[in-house]
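Please look through the sequence and the model shown here before reading on. The paragraphs below are meant to be read with both in view.

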Amino acid sequence: MRIVLAGAAALALAAPAMAQTASTDTTGLNLPPNAKPGQCFARVFIPPQYAEQEERVLIKPASQEVETIPAKYEEVEQEVLVEEASFKFELVEAQYDFVDEIVVVQEESTKLVPVPAEFEEVEEQVLVRAAYTTWQNNCGPIQKVERGTGETMCLVEVPAEYKTVSKRVMKTPAQVVEEVVPAVTEKVRKRIMVEPPKTVKVEIPAKYETIKVKKVVEPARQVVTEVPAEYETVTKRVKMSDGSIEWREILCEVNMTEDWVTRLQTSLKNAGYDPGKIDGVLGRGTYDALERFQKDKGLGSGELTIETLRMLGVNPA
């Protein structure tokens with residue numbers, strides 16, 4: 001928004017507030033303080049302020065350089081294993097021998113044999129007449145008086161009579177006995193296994209060869225070198241203040257003569273900012289050149305301020 005206070009009428013309206021540090025007009029804007037009659041002001045954009053500062057920056061951090069020194073070798077003879085020890089299984093056949101052996105060709109058995117009765121001659125007393133008693137006269141104490149005859153009678157025991165006779169008697173009766181028939185054997189020559197077949201484990205020793213090999217006499221190693229960090233001093237553009245909108249004194253239209261505009265255009269062109277045709281007319285080309293100059297110099301832009309004119313060497317009086 002562009003606001004320009006110009007002429008005596010504007011100054012008269014603002015007169016009551018000039019004694020103060022700031023005042024407010026009917027638009028609600030804070031007016032510039034200490035304004036004098038004949039001055040014109042505009043609110044312009046003051047760009048941010050920057051300053052050049054030197055700074056030491058790290059461009060390469062500290063590091064390490066590692067150099068690998070290869071190992072050193074020499075040729076030596078060495079016995080190396082070409083075939084590992086192993087084993088195999090071998091079959092050992094059975095072992096045989098001949099021996100004499102009694103073999104039974106007929107098993108032991110039994111048979112029944114009749115045994116006839118056995119007899120013998122024996123003498124035996126045979127009773128011919130058994131003992132008995134009888135009466136005899138004139139004998140023994142036992143008497144019987146026969147009253148009719150007057151004889152004495154005795155009862156006498158007569159012993160038995162025997163005679164010896166020969167007699168054939170059976171000593172043992174006839175019988176049948178079991179008789180053992182012994183076994184029938186025969187001597188034979190027999191082939192027998194004295195040691196059964198078996199499997200034995202046979203060790204096969206390892207095989208070695210002598211070859212030439214490279215032996216490490218000095219192992220590889222690494223040499224570490226510390227590389228310091230690298231710094232560089234650079235110039236850095238640092239913002240010192242932010243941009244702002246402020247009141248700045250400008251050239252009033254009543255003072256903007258054709259001769260004055262021509263001098264402004266010439267100063268811009270001499271400063272390297274082409275305003276176009278130098279014709280004393282404040283046109284688009286002149287405004288564009290003016291804005292480029294203000295931005296490059298860090299001045300408030302948007303209006304033709306007195307500060308800009310002084311930078312260009314154009315006296316605003």
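What follows is a walk through this structure, from the whole chain to a group of helices and the loop between two of them.

The model is a predicted one, and in it the protein chain contains four helices and 21 strands. Of its 317 residues, 18% count as buried, while the chain as a whole exposes about 23800 Å², of which carbon and sulfur atoms supply 50%. Among the contacts between residues with a separation of 6 or more, 78% are accounted for by residues that lie 24 or more positions apart.

The first helix to consider in detail is H2, which covers residues 258-270. Its 13 residues, at 1.5 Å a residue, should span 18 Å, and because its end C-alpha atoms are indeed 18 Å apart, the expected and the computed values agree. The residues of H2 that are buried are Trp260, Val261, Leu264, Gln265, Ser267 and Leu268. They cover an arc of only 160° around the axis, and therefore sit on the same side of H2. The face turned away from that buried side carries Glu258, Asp259 and Asn270, which are exposed. What covers the buried residues of H2 includes two other helices, H3 at 284-297 and H4 at 306-312. After H2 comes Gly272, which has a positive phi, near 95°.

Between H2 and H3 runs a loop, and Pro275 is one of the residues in that loop. Is Pro275 buried or exposed? With a relative accessible area of 4%, Pro275 is buried, since the cut-off for that term is under 20%. Leaving aside neighbours within four places in sequence, Pro275 is in contact with Gln265, Leu268 and Lys269, and also with Gly285, Thr286 and Ala289. Of these partners, Gln265 and Leu268 belong to the buried residues of H2, and Thr286 and Ala289 to those of H3. The C-alpha atoms of Pro275 and Thr286 are separated by 4.3 Å, although the two residues are eleven residues apart along the chain.

Helix H3 can be read in the way used for H2. At 1.5 Å a residue, its 14 residues should span 20 Å, and this agrees with the 20 Å that separate its end C-alpha atoms. Thr286, Ala289, Leu290, Phe293 and Gln294 are the buried residues of H3. They cover an arc of only 135° around the axis, so that they are placed on the same side of H3. On the other side, Arg284, Lys295 and Asp296 are exposed. The cover over the buried residues of H3 includes H2 and H4, just as the cover over those of H2 includes H3 and H4. H3 is followed by Gly298, whose phi is positive, near 75°.

One residue of H3, Gln294, deserves a separate look. At 1% relative accessibility, Gln294 counts as buried. Not counting residues up to four places away in sequence, Gln294 touches Leu299, Gly300, Ser301, Gly302, Glu303, Thr305 and Thr308.

Gln294 also leads to the empty space inside the model. Rolling a probe the size of a water molecule over the atoms shows where such space is left. A search of the whole structure finds two cavities of 30 Å³ or more, and the second largest has a volume of about 30 Å³. Which residues line the second largest cavity? Its lining is made up of Tyr287, Leu290, Glu291, Gln294, Gly302 and Glu303. Of these lining residues, Gly302 and Glu303 are also among the contacts of Gln294, and Leu290 and Gln294 are among the buried residues of H3.

Conventions. Residues are numbered from 1 along each chain as its sequence is written. This is a predicted model: local features need pLDDT of at least 70, side-chain atom pairs count only at pLDDT 80 or more; totals for chains, interfaces and linings use all residues. Side-chain values use heavy atoms; hydrogens and water are left out. Buried means under 20% relative accessible area, exposed over 50%, partly exposed in between (1.4 Å probe, protein chains only). Contact means heavy atoms within 4.5 Å. Accessible areas come from the Shrake-Rupley method with a 1.4 Å probe; for residues, only the protein chains shown count as cover. The expected span of a helix is 1.5 Å times one less than its number of residues. The arc is that of the directions from the helix axis to the C-beta atoms. On a 1 Å grid over the protein atoms alone, a cavity is a set of points where a 1.4 Å probe fits but cannot get out, and a pocket is an open set with protein on both sides within 12 Å along at least five of seven lines; lining residues have an atom within 4 Å of a point. Grid points are joined across faces, edges and corners, and a volume is the space filled by probe spheres set on the points.
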